[in-house]
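Student: I'd like to learn how to read a structure like this one, feature by feature. Could you walk me through it?

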Amino acid sequence: MAIFTKAEDLFSSAEQSVGGNPTEGGNGNESVRIFQPDRGLDVLIPNVGYLDREEGDFSTGVSASFDGRKTLGTITLNNRDFWENSNYNENTFGPYLTGLREVVDGQEVINVQMYSQTFNGNVTRRIVVNEKRNQSTTFKFTIDTIPFVVNPNTDEIVRLDRYYDKDIDTERYNLATEGNISYYIYPRGDGRTPAGNLDTYGYKGLKTKNGFNAFDSYAREGGPDAKGYSIFRLDWGDGTPLEHTSKPKVLEGTTLLEHVYKKPGFYTIKGVVMAFDGFNIGSWEKFETNILLNPSDNYDVKLYDDNNFITIGGMSSDSVLVKSATDIIGVDALTLDDSKASNFQIKNLNLFDRLNLFNFLSKVDDDIISKFNSIISPYEKDIFDVPQQRLVEDYIFGCLDPEAENYQPDSDSDLSGGRTLCQYNLELNFSAIPSTDSMKITLYFLNSSNLDGLYQSPPDDEPEVITDNRGEMVANPNATPGRKAAIINQLGSQWIDIDDLEDVAYQKVDIYTNPSGNQPNNTIVSRDTLRDAEQILVGADPLSTGGSQFVDVNISTYVTNPNDGRIVPSISFSNLNTEVVQNFNINSNMRRVGNEWEVYNIKRYGFNTIDAQNIQEVDSTINGGINGIHSVVIEAFTGNTGGSGGIGGTGGP
């Protein structure tokens with residue numbers, strides 16, 4: 001395992017907690033096998049990538065299992081349930097979260113197919129889906145975790161969701177014990193089929209944005225509540241109170257949770273992660289993590305681990321110790337009658353305690369625990385590092401186009417049954433060119449293409465002569481001759497206040513020409529995001545006026561030509577052709593200089609508009625489509641003309 005340095009470094013090297021790439025079989029096999037003995041997992045699962053699956057067959061599940069031990073690791077639950085059920089507080093008979101996070105619109109129950117070992121075939125299961133999840137890739141995710149301790153001698157990460165042999169892997173066994181543990185939660189990609197059911201043990205790649213942990217890209221302030229992926233109702237599984245209930249914790253790449261377990265055992269950590277956009281819950285997923293804490297040298301198991309008793313003559317079945325132990329499992333303490341012994345008797349005991357109890361009683365008399373052999377036997381078998389049976393790996397199909405998202409260079413063919421297996425995507429990387437003047441460049445996403453409600457216009461001039469109360473014409477002391485003309489000269493006949501524009505934008509993203517600290521100089525926007533907006537404005541804000549009387553901003557935007565022959569997306573950029581200013585006020589930003597009026601202390605923003613409604617279809621270049629990441633360059637600079645022109649422009653190579 002990796003060396004621990006800092007929390008954010010865990011993400012890039014994280015191994016899928018449980019499941020992942022098949023140990024045997026490929027997409028030419030109807031089933032694949034995952035053999036992970038250190039996690040207690042040896043299963044055959046339906047292959048969701050099987051090329052000859054019947055159309056509409058999206059069944060998932062486990063078709064055969066060969067390891068009866070408790071499976072360790074983290075899974076996202078197939079049925080996320082109704083949000084209101086997760087949000088229900090049984091103690092107050094009301095919701096934990098109120099306001100915008102109390103309910104979720106657009107929830108419905110659907111039927112999905114899951115493979116059942118019991119019925120040796122597919123069975124119908126009901127799960128809850130919600131509308132908003134399908135509107136954005138942001139809301140499609142699964143959860144994975146790394147529960148661990150750190151080796152104090154080597155700084156090695158010792159995972160707690162693994163079985164360690166006490167004799168073969170002694171050091172890790174002795175470190176994975178009760179006490180303080182660390183818990184890192186991070187996102188993986190959408191593991192659900194088009195039908196909505198989850199491929200629990202199938203491979204799920206890391207969920208990233210701009211190459212980084214997707215948690216970080218979404219964790220920012222927005223709307224009336226904190227925006228981001230948040231952990232809610234965290235249950236450590238040891239009877240301690242739930243955490244992060246009334247105030248969910250926004251997850252970032254640096255978030256590292258800690259907890260103290262007072263005794264060894266098997267524990268199941270449970271929680272809910274919700275994606276909140278500042279105004280609505282876009283989606284949520286429930287997850288569970290199974291861990292195993294071994295007993296440390298300081299932990300005394302007392303009743304159940306008397307390993308040396310045989311050296312002093314054995315242990316009598318009449319002893320108080322044995323009678324107490326047999327009574328726990330439902331065996332008659334006097335006659336050793338096991339007719340009432342059952343798993344029900346010990347269901348509330350931690351599995352670790354059950355196994356210790358059985359281990360102790362087996363040293364007295366194997367017959368005492370005969371009814372519990374189904375629980376005991378999986379932990380008694382020798383497990384080898386390699387599977388004892390092999391699946392036949394068939395012809396490998398996969399995408400051979402390097403431009404595709406799912407490029408698989410080791411495949412034999414990227415066509416099956418006349419259909420291509422390649423999948424394409426498009427993203428635009430908007431980047432700010434460094435400039436002499438520090439600029440904040442903002443992308444404003446609007447639901448409307450009509451800005452009429454935002455326009456402001458200059459008032460008419462007050463006349464030089466007015467009629468007094470006697471009906472006589474007298475000079476007007478409040479006359480403003482030339483004021484309207486001065487405003488029009490500086491701002492035009494109409495303008496927009498930047499604050500009004502920010503109020504109507506449903507989303508905005510900032511980048512910087514000369515970033516400092518955590519300020520980004522680029523942002524990646526998907527094609528779907530571009531198409532979803534009725535109008536996108538790109539504005540440039542000079543962060544320092546340098547003492548100038550007027551601050552005019554020029555801005556140009558263009559898509560660069562890729563150097564690999566791909567087709568350039570045909571996106572049009574044009575001037576807004578309307579002045580956008582900061583807090584222009586007739587009284588505070590106008591003054592008379594002699595017989596003339598003057599507009600002063602006005603910051604003017606450069607603005608471009610983006611039209612992406614008619615962008616080409618995403619496909620391979622050879623088919624005339626667009627794909628991959630394309631760079632969109634934004635240049636901005638300030639001037640001191642004091643005039644009304646030159647606040648925007650388009651350009652390009």
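Student: Why does Thr 145 count as buried or exposed?

Tutor: Happy to help, and keep in mind that this is a predicted model. Buried means under 20% relative accessible area. Thr 145 has 0% relative accessibility, so Thr 145 counts as buried. This residue is found in strand 10, which covers residues 142-150.

Student: Which residues does Thr 145 touch, leaving out those up to four places away in sequence?

Tutor: Among them are Ser 17, Thr 74, Arg 159, Asp 161 and Phe 287. Tyr 183, Tyr 184, Ile 185 and Tyr 186 are also touched by Thr 145. With Thr 289 there is a polar contact as well, 3.2 Å between the two side chains.

Student: Now the empty space. How many cavities of 30 Å³ or more does a search of the whole structure find?

Tutor: The search finds 1, and the volume of the largest cavity is about 70 Å³. To read a cavity, look at what lines it. Here the lining includes Gln 16, Val 18, Arg 188, Thr 200 and Lys 204. Strand 5 (73-76) and strand 10 each supply at least two lining residues. Thr 74, Ile 75 and Thr 76 are part of the lining, and so are Thr 142, Ile 143 and Asp 144.

Student: What is the lining of the largest cavity like by class?

Tutor: It has 3 nonpolar, 5 polar and 3 charged residues.

Student: Let's turn to helices. Why do the buried residues of helix 8 line one face?

Tutor: An α-helix has 3.6 residues a turn, so residues three or four places apart point the same way. In helix 8 (residues 483-491), the buried residues are Arg 483, Ala 486, Ile 487, Gln 490 and Leu 491. Viewed down the axis of helix 8, these buried residues fall within an arc of 105°, so they line one face of the helix. Just after helix 8 comes Gly 492, with a positive phi of about 85°.

Student: And loops? Where is Asn 589 placed?

Tutor: Asn 589 is in the loop between strand 34 (579-581) and strand 35 (590-593). Its relative accessibility is 7%, so Asn 589 counts as buried. The side chain of Asn 589 reaches the backbone nitrogen of Asn 585 at 2.8 Å, and a polar contact of 3.4 Å joins it to the side chain of Ser 588. Beyond four places in sequence, the contacts of Asn 589 include Phe 584, Glu 598 and Tyr 600.

Student: How many helices and strands are there in the protein?

Tutor: There are 10 helices and 38 strands. Of the 653 residues, 47% count as buried.

Terms used
Residues are numbered from 1 along each chain as its sequence is written. This is a predicted model: local features need pLDDT of at least 70, side-chain atom pairs count only at pLDDT 80 or more; totals for chains, interfaces and linings use all residues. Side-chain values use heavy atoms; hydrogens and water are left out. Buried means under 20% relative accessible area, exposed over 50%, partly exposed in between (1.4 Å probe, protein chains only). Helices (H or I, at least four residues) and strands (E, at least two) are DSSP runs, numbered from the N terminus. The arc is that of the directions from the helix axis to the C-beta atoms. A polar contact is a pair of N or O atoms within 3.5 Å; within protein, one must be able to donate a hydrogen and the other to accept it, and residues adjacent in sequence count only if both atoms are side-chain atoms. Contact means heavy atoms within 4.5 Å. On a 1 Å grid over the protein atoms alone, a cavity is a set of points where a 1.4 Å probe fits but cannot get out, and a pocket is an open set with protein on both sides within 12 Å along at least five of seven lines; lining residues have an atom within 4 Å of a point. Grid points are joined across faces, edges and corners, and a volume is the space filled by probe spheres set on the points. Ala, Val, Leu, Ile, Met, Phe, Trp, Tyr, Cys and Pro count as nonpolar, Asp, Glu, Lys and Arg as charged, and the others, Gly among them, as polar.
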